[in-house]
Amino acid sequence: MRLFRRIVDSKNPNSVGNRLRERRFALFRTLLEGVPPPVRILDVGGTPTYWQLRGRDLPGAPSVVVLNLQAQATGDSRVQTVVGNALDMHEFDDDSFDVVFSNSVIEHVETFENQRCMADEIRRIGRRYFVQTPDKRFPLEPHFLVPGFQFLPIQVRAELLHRMPLGWYARTTDRASAERAVRLIRLMTENEFRAVFPEATIYRERVLGLTKSLIAYGGW
């Protein structure tokens, strides 16, 4: 488990996960160079810290709105935070943002119907979008860090989390909480990802020839 953590740990600059994130953001930066300023970005499900660390030198000197379920503090005048739900962003009109960005969030909305709803909202309010999610077919489940965990029945996954800590998740004290935690995460296959972003270009992030993550970008 510790080995898997070191592989994906974002705080370790030499980890596989961190190198993929750097390449991912380099792709985003390249795409952003073609967007005329001023650029307005909505990050669905992100954090202000992400943009304070990675967004300083982006082309177009973008302003960023970060939407999340909980209120978040920001000390950067270029980053605004709002409380909202990715499944219903009614507070924003159609084409409100030049770019909608979302990183490892769409797999956290529990059902395929919710994933389609989130994708529809992203496509509605953004002239362009850039959305990343782990690929379900990659052998190592990225949240619980157990190979093949995503293919086990829900009840088995819940029982394992109830009995022991798994990946980034502490052991749960009751069975119901364990089941809620594992149900909330639904990894997507490439076909499903293409279905909810039908006009997108799909970029595959690969590790040892296997697709670890998928990126959908459209409108560019």
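# Cores, pockets and cavities

Leaving aside neighbours within four places in sequence, F197 is in contact with I106, A119, I122, R123, Y129, V131 and A216. The model is a predicted one, and F197 is also one of the residues that touch the most other members of its largest nonpolar core. The briefing below moves from the cores to the pockets, then to the cavities, and ends with S213, a buried residue that also lines the second largest cavity.

**Nonpolar cores**

- The largest nonpolar core holds 27 residues, and those touching the most other members are L42, V44, I122, F193 and F197.
- At least two residues of this core come from each of β1, β2, α4 (112-125), β5, α7 (190-196) and β7, and α4 provides the largest share, with five residues.
- I122 thus appears twice, as a contact of F197 and among the residues that touch the most other members of the largest core.
- Apart from this core there is a second, separate one of 18 residues, which includes L31, V66, V79 and I215.
- As a general background to such cores, nonpolar side chains in soluble globular proteins tend to be buried together.

**Largest pocket**

- The largest pocket contains about 1300 Å³ of space, and of the 44 residues that line this pocket, G45, N103, S104, V105 and H108 are the closest to its centre.
- Two or more lining residues come from each of α2 (16-32), β1 (40-44), α3 (48-54), β2 (63-68), β4 (99-103), β5 (129-134) and β7 (210-218), with α2 giving the most, at five residues.
- By class, the lining of the largest pocket comprises 17 nonpolar, 18 polar and nine charged residues.
- The strands β1, β2, β5 and β7 therefore serve two settings, since each gives two or more residues to this lining and each supplies at least two residues of the largest core, under an assignment in which strands are DSSP runs.

**Second largest pocket**

- The second largest pocket has a volume of about 230 Å³, and among its 14 lining residues I154, R157, V182, I185 and R186 lie nearest the centre.
- The helices α5 (154-163) and α6 (175-184) each contribute at least two residues to the lining of this pocket.
- That lining divides into six nonpolar, two polar and six charged residues.

**Cavities**

- The structure holds two cavities of 30 Å³ or more, of which the largest encloses about 50 Å³ of space.
- W51, G55, L58, P62, V64, D76, R78 and V79 line the largest cavity, and these residues fall into five nonpolar, one polar and two charged.
- V79 belongs to the second core as well as to the lining of the largest cavity.
- The second largest cavity, with a volume of about 40 Å³, is lined by P134, D135, F138, L140, P142, K212 and S213, a set with four nonpolar, one polar and two charged residues.

**S213**

- S213 lies in strand β7 and has a relative accessible area of 2%, so this residue counts as buried, the cut-off being under 20%.
- The side chain of S213 makes a polar contact of 3.0 Å with the side chain of Q132.
- Not counting residues up to four places away in sequence, S213 touches R24, Q132, T133, P134, D135, Y203, R204 and E205.
- Among these contacts of S213 are P134 and D135, which line the second largest cavity together with S213.

How values were computed:
Residues numbered from 1 in each chain as written. Predicted model: local features only at pLDDT ≥ 70, side-chain atom pairs only at ≥ 80, totals over all residues. Heavy atoms only, no water. 1 Å grid on protein atoms, 1.4 Å probe; cavity = no way out; pocket = protein on both sides within 12 Å on 5 of 7 lines; lining within 4 Å. Points joined across faces, edges and corners; volume = space filled by probe spheres on them. Helix = DSSP H or I, 4+ residues; strand = E, 2+ residues; numbered from the N terminus. Nonpolar A, V, L, I, M, F, W, Y, C, P; charged D, E, K, R; others polar. Buried < 20%, exposed > 50% of the residue type's maximum accessible area, 1.4 Å probe, protein only. Polar contact = N/O pair within 3.5 Å; in protein donor to acceptor, adjacent residues only side chain to side chain. Contact = heavy atoms within 4.5 Å. Core = buried A, V, L, I, M, F, W, Y, C linked by side-chain atoms within 4.5 Å.
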